[in-house]
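This report covers one polar contact and its surroundings, the nonpolar core, the main pocket and two backbone angles.

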Amino acid sequence: MASTKVERLNEDIRRELISIVSQMKDPRLDCFLTIMRVETAPDLTNAKVHISVLEGDRACEDAIKALKKGQGFIRGELSKRLRIKRSPEFTFVKDEGAAYAQKINEILRDINKNDN
C-alpha cells in the first residue's frame, strides 16, 4: 500500500503530465490521449504511467513512442513545475481499464436484450 505522500505525488504528477503532454507538438500525440493513473515506486525513482487512447491500439502505440522520445522534456518540465530535485524515470503503458469496462458494458447490454 502506497503512503499518503506517494499517493498525493502520484496525483500531482498525473495532473502535471496532462498539462505537459497537451503542450507537446508531436503529431503522434494529436489523439484523444488520457493519462489514467500514475504509480510511483516508494523510492520515487520510477513511475509507471497508464495511458488510454480513444482511437485504438495503433494510435496508443504511436503515442507511447512519442512519450518515450519526449521523456527528457517531460522530466525537465515536471521537475520545474513540482519543484522536485529529481523526477522519476517514466514507463508508459497502455491502460486496459477502459477497454475492459467497454467489454463488460457490451456483455450487460446483451444480457439485458436477452431478458427482454
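A polar atom of the Arg75 side chain lies 2.7 Å from the backbone oxygen of Ser87. A polar contact is a pair of N or O atoms within 3.5 Å; within protein, one must be able to donate a hydrogen and the other to accept it, and residues adjacent in sequence count only if both atoms are side-chain atoms. The model is predicted: local features need pLDDT of at least 70, side-chain atom pairs count only at pLDDT 80 or more, and totals for chains, interfaces and linings use all residues. Residues are numbered from 1 along each chain as its sequence is written, and side-chain values use heavy atoms, with hydrogens and water left out.

Arg75 lies in helix H3; helices (H or I, at least four residues) and strands (E, at least two) are DSSP runs, numbered from the N terminus. Beyond its neighbours within four places in sequence, Arg75 is in contact (heavy atoms within 4.5 Å) with Arg86, Ser87, Pro88, Glu89 and Phe90. Gly76 is also found in helix H3. Gly76 and Ser87 are 11 residues apart in sequence, and their C-alpha atoms are 7.7 Å apart.

Phe90 is also one of the residues with the most contacts inside the largest nonpolar core, along with Leu17, Val49, Ile51 and Ile74. This core has 25 residues, and H2 gives the largest share, six residues. A nonpolar core is a set of buried Ala, Val, Leu, Ile, Met, Phe, Trp, Tyr and Cys residues joined through side-chain atoms within 4.5 Å. Buried means under 20% relative accessible area, exposed over 50%, and partly exposed in between (1.4 Å probe, protein chains only). Not counting residues up to four places away in sequence, Val49 touches Leu17, Ile35, Arg37, Val38, Phe90, Thr91, Phe92 and Val93.

Two residues that are not glycine have a positive phi.

| Residue | Phi | Loop | Relative accessibility |
|---|---|---|---|
| Leu44 | about 65° | between E1 and E2 | 32%, partly exposed |
| Arg83 | about 55° | between H3 and E3 | 77%, exposed |

Most residues other than glycine have a negative phi.

The largest pocket is an open set of points on a 1 Å grid with protein on both sides within 12 Å along at least five of seven lines. Its volume, the space filled by probe spheres set on the points, is about 260 Å³. Of the 15 lining residues (an atom within 4 Å of a point), Ser52, Val53, Leu54, Ala98 and Ala99 are the closest to its centre.

Technical notes. On a 1 Å grid over the protein atoms alone, a cavity is a set of points where a 1.4 Å probe fits but cannot get out, and a pocket is an open set with protein on both sides within 12 Å along at least five of seven lines; lining residues have an atom within 4 Å of a point.
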